[in-house]
Amino acid sequence: MMTTTQKKRIVLVAGSAIATLIVLAAAQRPTRAQAADDAVRFKITSGGRDLYKVAIPLALGDKASATAAQTVLSNDLALSGFFKVLDPSSFLANLAAEQLVINPPDWRNVGAEGVVKARATAYGSDVKFEFRLFEVAKGEAPVLSKDYRGPMTQTRQLVHQFANDVVKYYTGEDGFFASKIAFGQGDGGKRRDIMVMDWDGFGPTAITKSSQNILPTWSPTAAEIAFTSFVNGKPDLFVVPSSGGKPRVLSARPGLNMGAAWSPDGSKIAATLSQDGNSEIYLLSSSGQILKRLTNDRGIDTSPSWSPDGARVAFVSDRHGNPQIWVMSADGSGQRKLTRRGNYNQEPSWCPRADTPQIAFSARDEKMATDVFTINPDSEQYTRVTEGHGSSVRPTWAPNGRAIAFERASGIWVSTADGRTERQVYRGSAKAPQWSPSLMKK
């Protein structure tokens with residue numbers, strides 16, 4: 001039987017999670033390679049670099065598919081962190097005469113360094129895209145040619161595929177356009193579903209069907225989503241296939257069960273439990289068996305997030321009087337406070353790039369504004385990502401670490417990791433967005 005103190009902690013943590021998603025329980029100019037046949041043309045090292053200017057005119061052919069291609073591709077590249085997409089109203093070229101080639105001077109005169117041409121051809125219920133990428137300095141011959149064909153219903157996915165190919169061509173790394181975002185929909189009451197949508201907000205679909213469901217998190221393979229549900233009248237952990245289906249119980253121990261986070265290899269799950277009377281972080285097996293208790297302090301410890309190598313875990317603790325970001329080894333040793341500015345730092349999300357030691361988190365500044373920041377867990381250097389656009393909370397990284405999604409009152413927004421470009425991708429009440437791993441087929 002729970003004590004009064006236990007019940008109080010459960011009520012406080014559950015209520016805060018619904019409202020704020022954890023209170024108790026985040027230059028170098030792109031160097032053009034000298035060798036013409038070198039596919040890796042950008043060396044990305046700082047947010048102060050100039051962006052590569054790319055022109056994306058309306059595609060030729062089937063009007064609906066052509067319009068979708070321009071819209072989706074422009075959005076993808078603008079938020080990739082590498083490109084500045086030029087305004088189509090500035091274009092001087094005769095697009096009808098050019099077809100799938102370019103007249104370099106016309107594009108050079110509007111400041112374009114790259115140009116993407118495309119043609120969409122309908123074949124019954126299928127569409128074929130012919131994409132051509134040009135580097136203006138290299139003349140009329142395309143540097144990248146890709147053709148795709150698939151059902152009209154997969155138009156956006158085909159365009160995302162080309163956007164990934166463009167990023168791969170210039171940087172040698174994968175884009176994040178074949179990925180999804182999960183989130184909790186609704187303002188509470190008796191119902192809140194876990195939703196899954198494309199990263200750019202297309203096709204939101206509910207994967208839960210009852211009760212209040214919050215705080216989704218993806219498995220490393222993106223095949224499953226763990227979440228907290230109040231279906232049994234208290235916060236318990238469940239796992240459901242990311243395509244929807246029957247949830248299975250992960251942890252329904254007395255008290256609080258929430259804030260699950262899979263280890264990078266998928267073998268373990270860190271979660272917040274209060275079965276012993278206080279909110280602590282435990283290590284669970286993928287089936288929910290307790291493997292180890294990682295924290296043991298009178299303060300409240302919650303919101304675990306794994307480093308990409310699985311060696312460390314970031315978490316939130318108020319053991320020194322107010323919520324701060326802490327870091328520990330994956331076995332619970334070496335616990336140390338990471339954030340030392342402000343008195344309200346929460347919701348850590350570790351960047352999935354092993355070569356980019358960064359933790360995104362939400363913090364309240366001296367003006368009482370809550371925004372997204374990043375901190376290097378080794379040097380403790382801070383960077384501010386959002387500012388002046390309303391409360392920005394619950395950051396989550398794109399699978400390649402080049403963008404961050406976060407929650408605002410108006411919905412879900414995505415920003416480049418340096419904060420220079422941001423777009424709203426979902427309008428409406430949306431809580432605790434979580435970005436999936438890449439869904440690109442290897």
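A cavity here is a set of grid points where a 1.4 Å probe fits but cannot get out. Keep that in mind as we walk through this predicted model, starting with its enclosed spaces and then moving on to its nonpolar cores.

The largest cavity has a volume of about 50 Å³. What lines the largest cavity? Its walls are made by Ile 56, Pro 57, Ala 59, Ala 69, Gln 70, Leu 73, Val 116, Lys 117, Ala 118 and Phe 131. Helix H2 (63-78) and strand S4 (114-123) each put at least two residues into that lining. Sort the lining by class and you get eight nonpolar residues, one polar and one charged.

Now for the second largest cavity, which holds about 40 Å³ of space. Around it sit Leu 58, Ala 59, Leu 60, Leu 95, Gln 99, Leu 100, Lys 117 and Ala 118. Ala 59, Lys 117 and Ala 118 turn up in the linings of both cavities. By class, the second lining comes to six nonpolar residues, one polar and one charged.

On to the cores. In soluble globular proteins, nonpolar side chains tend to be buried together. In this model, the largest nonpolar core has 45 residues, and those with the most contacts inside it are Leu 77, Phe 83, Phe 162, Ile 412, Val 414 and Trp 435. Which helix gives the most to this core? That's helix H5 (residues 155-171), with eight residues. Another core lies apart from this one; it has twelve residues, including Ala 314, Leu 338, Phe 373 and Tyr 382.

Technical notes
Residues numbered from 1 in each chain as written. Predicted model: local features only at pLDDT ≥ 70, side-chain atom pairs only at ≥ 80, totals over all residues. Heavy atoms only, no water. Core = buried A, V, L, I, M, F, W, Y, C linked by side-chain atoms within 4.5 Å. Buried < 20%, exposed > 50% of the residue type's maximum accessible area, 1.4 Å probe, protein only. Helix = DSSP H or I, 4+ residues; strand = E, 2+ residues; numbered from the N terminus. 1 Å grid on protein atoms, 1.4 Å probe; cavity = no way out; pocket = protein on both sides within 12 Å on 5 of 7 lines; lining within 4 Å. Points joined across faces, edges and corners; volume = space filled by probe spheres on them. Nonpolar A, V, L, I, M, F, W, Y, C, P; charged D, E, K, R; others polar.
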